[in-house]
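Biologist: I'd like to learn how to read a structure like this one. Could you walk me through it?

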Amino acid sequence: QLLGNQDHIKVELEKLKKAHDEQQQKLEERVLALGKELQEAKGAIGDSRQRLAEQSAVLLTSQSQLQEVEAENSRLQLRLKELNEEYRSRLAQYIRDVANYMDSKPSSVTGRDKAPAGQAAMKHFVDSMLRDIRASYKSREEQLARAARGYKKRMKDLAKKHERLLIAYGLQREQIRSLGSSAVDCGPAELHFSITDPELLTNSSRELNRLREEKAKLEMQLQELQKALDLVSGHDPNELSCPRQLDEEGWAQVRKQLREFTHNTQEDLEQERSQLLTRAVVAEEQVSELQEYIDQHLAR
């Protein structure tokens, strides 16, 4: 029977060989297509990185230019304030000189000197006008000072809310990371969203940013070590499964200690920050009271 079916077996073998060749050709074409797509994706990633680097360079240049412009603007505003004060003082002196000159002129009535009732009338009028101008300037300056204090207070409140949001964001990242799923993206580190404006940064904010920077470095080191462990454990999973489990438990313990350290440090810094803010508010009130006392009493 085997000798009789030899032709049939040859036909079946030819069909199987032909089907295998077709599948092999399809797989090769698919591999070539995937390789081409991979090269295109790598090229797109390279172009994106190049554009990102260019945009980062432009951003850094723009930030430096913005800082220079802000510094120049502050200098010009200070110079403008000085010129305004000088102009006001000169204008007041000119008006006083004109008033003294007008009061020193003789009366227009024939045969008489200036009338006693009109003696120094122009000087009194000018003094009254200057008092009104000073009062208006002082009222406007106080209004602008209140607006500036309100603006600073709102900016500080926004900075506080931003810090609380960063703390909540960091806790969520740690919760996601504690689940142990490497496929879930935890998002960028908290340092990426930190405030960098020197006017809004306090000592506690700078300390928090420093801790966030150290935490980001530790996270990068943990990721690199985890990748190295995955590569090592991928060669012989039967022998390294138990050490890998121990390493994962060790990393979980390290992450837990990092979370506890960060949380405790943030609580301490928040308490210190609230105390400093309270002292700053009290100091501002004392300064305003002293300024009011100086304006009311020492000016006379």
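Modeller: Let's go from the overall fold to one helix, one residue and one cavity. Keep in mind that this is a predicted model, where local features need pLDDT of at least 70, side-chain atom pairs count only at pLDDT 80 or more, and totals for chains, interfaces and linings use all residues. Residues are numbered from 1 along each chain as its sequence is written, and side-chain values use heavy atoms, with hydrogens and water left out.

Biologist: How many helices and strands are there in the protein?

Modeller: Helices (H or I, at least four residues) and strands (E, at least two) are DSSP runs, numbered from the N terminus. Here you get four helices and zero strands, so the pattern along the sequence reads α-α-α-α.

Biologist: What should helix 1 span, going by its residues?

Modeller: The expected span of a helix is 1.5 Å times one less than its number of residues. Helix 1 (residues 6–104) has 99 residues and should span 147 Å; its end C-alpha atoms are 143 Å apart, which agrees.

Biologist: And which residues of helix 1 are buried?

Modeller: Buried means under 20% relative accessible area, exposed over 50%, and partly exposed in between (1.4 Å probe, protein chains only). In helix 1 the buried ones are Ala92, Ala99 and Asp103, and they pack against helix 2. Over the protein's 300 residues, 13% count as buried.

Biologist: Is Glu163 buried or exposed?

Modeller: Glu163 counts as buried because its relative accessibility is 2%. This residue sits in helix 2. For its neighbours, contact means heavy atoms within 4.5 Å. Leaving out residues up to four places away in sequence, Glu163 touches Ser205, Leu208, Arg212 and Arg273.

Biologist: What about cavities, then?

Modeller: On a 1 Å grid over the protein atoms alone, a cavity is a set of points where a 1.4 Å probe fits but cannot get out; lining residues have an atom within 4 Å of a point. Points are joined across faces, edges and corners, and the volume is the space filled by probe spheres set on them. Searching the whole structure turns up one cavity of 30 Å³ or more, and the largest cavity has a volume of about 50 Å³.

Biologist: Which residues line the largest cavity?

Modeller: Glu174, Arg177, Lys215, Glu219, Leu222, Arg255, Leu258 and Arg259. Helix 2 (121–178), helix 3 (203–233) and helix 4 (237–298) each supply at least two residues of that lining. By type, the lining has two nonpolar residues, no polar and six charged (Ala, Val, Leu, Ile, Met, Phe, Trp, Tyr, Cys and Pro count as nonpolar, Asp, Glu, Lys and Arg as charged, the others, Gly among them, as polar).

Notes: 1 Å grid on protein atoms, 1.4 Å probe; cavity = no way out; pocket = protein on both sides within 12 Å on 5 of 7 lines; lining within 4 Å.
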